[in-house]
Number of protein chains: 2
Amino acid sequence: MEQGTAIKRDEESANGDKSPRTDRGRRTLRKLLDAAAIEFGEKGFYEASISGITQRAGVALGTFYTYFDSKDAIFRGLVNDMSEAVKRAAREALTEPMSALEIERRALAAFLRFASEHKEVYRIIDEAEFVDPASYRAHYETTAARIRERLEAGMAAGELRDGLGEAHAWAIMGMNVFLGLRYAIWGSSEWDADEIASLANELLQSGVGKR
Amino acid sequence: MEQGTAIKRDEESANGDKSPRTDRGRRTLRKLLDAAAIEFGEKGFYEASISGITQRAGVALGTFYTYFDSKDAIFRGLVNDMSEAVKRAAREALTEPMSALEIERRALAAFLRFASEHKEVYRIIDEAEFVDPASYRAHYETTAARIRERLEAGMAAGELRDGLGEAHAWAIMGMNVFLGLRYAIWGSSEWDADEIASLANELLQSGVGKR
């Protein structure tokens, strides 16, 4: 099922040895990743170029290679960076103690806002399915694992019913991803993140059956 | 956001004028679409070739052009064909009158079975996001519209609570798509379509909140 053009993970390390050690280096890395998000988001992996990224970042072409070995390497770094940013956006919305269902509601609202402000996140993560399948799968597996941890905590606190497991975590992730696609990516300007998150939260709390 | 390589819908018609008029023609078209599913599923759009498709189909290269103008055209035809097949798989599971929730459970179980027997369906529809964005969006919009119709019927019958709308349809579709990804595509051999569909159906019926 893997394309010939997919990144070969054996051939390239996770780029760990190129991590910057100074604040200036970290700022340049940040500039490169932000520029890569725009370049890959607008052009897609195959049409995107390293020179397109360095021009957008305002750094010299040679500087790129201080941080990444190749277009494949920065794409992989970007998927990982976006996966972390999605996680951070949800976490930052959880500032105080709250119920398990309120956590899910706020995490979804934060994700919807993040996606509407970073619409390229869908295209880049989705393209990873073809360009870097391992990163694509890792993104969803770690996201589902986080949701599952929250469900476990909610069950332990007696707020959620027993028996929730992996399938429920994947179901919730799917709801969130498709609500983001429908509203944050394809929506008109009329939708409201809190309203959508509340509708989904009500479904999550008590379902769609007649009460 | 569109790639330079994305199919230009203006330049090519929906291929309607090449529809076969004889049974033999329809059989050949079927062979070409089945072969295209394997070719695009294994190689991806960019690496796939028309000669790869005709070889797998066991038809002459020239025959291809009786049915399709280009690789783009057969890819678009295939996405439409798979979208219809997904719809048919769910519909065929609904053989007798049943409750709104039972309809959702059976439709999901049928989809999970279909996806596990046609694992290429994910890759092909997902690649349409890049190769043929209009078909990608149309697939999800029509799928969500079908779910929404079922929700409307369930509300009208008094089986589902009031106020279910587009967001709920997209949430349910997202659940189904991600359960398919987790189990039908990435799952080991141990999962059971009916068991997963029942877990999802319980979530749908009454949520995850403590009762």
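A turn of 180° with a shift of 0.0 Å along the axis lays chain A on chain B at an RMSD of 0.0 Å, which is the relation of a two-fold axis. The superposition is a least-squares fit on the C-alpha atoms of residues with pLDDT of at least 70 in both copies. This is a predicted model, in which local features need pLDDT of at least 70, side-chain atom pairs count only at pLDDT 80 or more, and totals for chains, interfaces and linings use all residues. Residues are numbered from 1 along each chain as its sequence is written, chains are lettered from A in the order in which they are written, and side-chain values use heavy atoms, without hydrogens and water.

**Interface**
- Of the interface residues of chain A, 100% are also interface residues in chain B, so the copies meet through the same surface.

**Fold of chain A**
- Chain A has nine helices and zero strands, where helices are DSSP runs of H or I with at least four residues and strands are runs of E with at least two.
- The C-alpha trace of chain A spans about 65 × 40 × 40 Å along its principal axes.
- Among contacts in chain A with a separation of 6 or more, 68% join residues 24 or more positions apart; a contact means heavy atoms within 4.5 Å.

**Burial and surface**
- Chain A has 211 residues, and 55% of them are buried, meaning under 20% relative accessible area with a 1.4 Å probe, protein chains only.
- Carbon and sulfur atoms hold 48% of the accessible surface of chain A, which comes to about 9600 Å² by the Shrake-Rupley method with a 1.4 Å probe.

Methods: Buried means under 20% relative accessible area, exposed over 50%, partly exposed in between (1.4 Å probe, protein chains only).
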